[in-house]
Every structure is written in structure tokens, then in C-alpha cells.
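Grab a pencil and work through these short exercises with the structure in view. Try each task before you read its solution.

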Amino acid sequence: DAWVPFLLGSGEVRTMLDRAASTPAAQARERPLDVALWPEPALDVLQEPDRVREQAEAHLAAGATILNYRFPSRSVAHHLEQMEALAGVLDLAGDA
């Protein structure tokens, strides 16, 4: 199960998750609910890696378990470069 809120800031998401956590329904769950967020604004990972990392950290701190990224791309090749760079910026390989 997942919650995919939109048009909410990370602080609003955190507040709602904290409030929901104390409900009987949340406490009865066998597995925690996944929370998917879209980091906004869309950033160019190649040009702003530090902002992308900060943005991801803020969303993860708000309770996101899934981050759905989109990129401002000039071409398919540019989009693929950004996807590859995102994995490095967010250390998705776990090597850093």
C-alpha cells in the first residue's frame, strides 16, 4: 500500500504522517505505508547536484520512502545522463 500525496509541502506531509501514525489503523498495519513524493521543482541533476541532494534529504525526512523524479531534458540522451547522475548524487549504489 502507498500514499501518493500531491500539492503538499514536505512539512505538511510530515505533519499528516505524524498525525496518522497514532491512529488505530496505522498501528494495526503489518507493514508501514510507502509514501511516494515528487521533489519539486524539477532540477537539472548535472547542474545542481547539491540542490538535488538537499531536496531528496528534505523529502526523505518528511517520510518519503519513494522519490519520483522528473528532469528538464533537452533530449533522450540528456535525460539518460541525468538519470545516471541522480544515482550517483543520491548514492543509490551505496558506494559513498
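**Exercise 1: The pocket lining**

Helix H1 gives the largest share of the lining of the largest pocket, five residues. Keep in mind that this is a predicted model.

Task: Find out which helices each supply at least two residues of that lining, and which classes the lining residues fall into.

Solution: Start with the pocket itself, which has a volume of about 350 Å³. Next, look at the 15 residues that line it; Leu17, Ala20, Ala21, Ala26 and Leu33 lie nearest its centre. Now go to the helices: H1 (10-21) and H2 (24-28) each supply at least two lining residues. Finally, sort by class, and you get 10 nonpolar, two polar and three charged residues.

**Exercise 2: A patch on the surface**

Task: Decide whether Leu80 counts as buried, partly exposed or exposed.

Solution: First find Leu80 in helix H4, residues 76-89. Then take its relative accessibility, 48%. Partly exposed covers the range between 20% and 50%, so Leu80 counts as partly exposed. Together with Val76 and Met83, Leu80 makes a nonpolar surface patch of about 310 Å².

**Exercise 3: Backbone angles in two loops**

Task: Work out what sort of peptide bond joins Glu40 to Pro41, and what phi is for Leu7.

Solution: Pro41 sits in the loop between strand E2 (34-37) and helix H3 (49-61). Omega for the bond from Glu40 to Pro41 is near 0°, and the bond is cis. Now move to Leu7, in the loop between strand E1 (2-3) and H1. Its phi is near 60°, a positive value in a residue other than glycine. Leu7 is also exposed, because its relative accessible area is 81% and the cut-off is over 50%.

How values were computed
Residues are numbered from 1 along each chain as its sequence is written. This is a predicted model: local features need pLDDT of at least 70, side-chain atom pairs count only at pLDDT 80 or more; totals for chains, interfaces and linings use all residues. Side-chain values use heavy atoms; hydrogens and water are left out. On a 1 Å grid over the protein atoms alone, a cavity is a set of points where a 1.4 Å probe fits but cannot get out, and a pocket is an open set with protein on both sides within 12 Å along at least five of seven lines; lining residues have an atom within 4 Å of a point. Grid points are joined across faces, edges and corners, and a volume is the space filled by probe spheres set on the points. Helices (H or I, at least four residues) and strands (E, at least two) are DSSP runs, numbered from the N terminus. Ala, Val, Leu, Ile, Met, Phe, Trp, Tyr, Cys and Pro count as nonpolar, Asp, Glu, Lys and Arg as charged, and the others, Gly among them, as polar. Patches are made of residues with over 30% relative accessible area and no salt bridge: like charges are joined within 9 Å, nonpolar side chains (Val, Leu, Ile, Met, Phe, Trp, Tyr) within 5 Å. Accessible areas come from the Shrake-Rupley method with a 1.4 Å probe; for residues, only the protein chains shown count as cover. A salt bridge is a side-chain nitrogen of Lys or Arg within 4 Å of a carboxyl oxygen of Asp or Glu. Buried means under 20% relative accessible area, exposed over 50%, partly exposed in between (1.4 Å probe, protein chains only).
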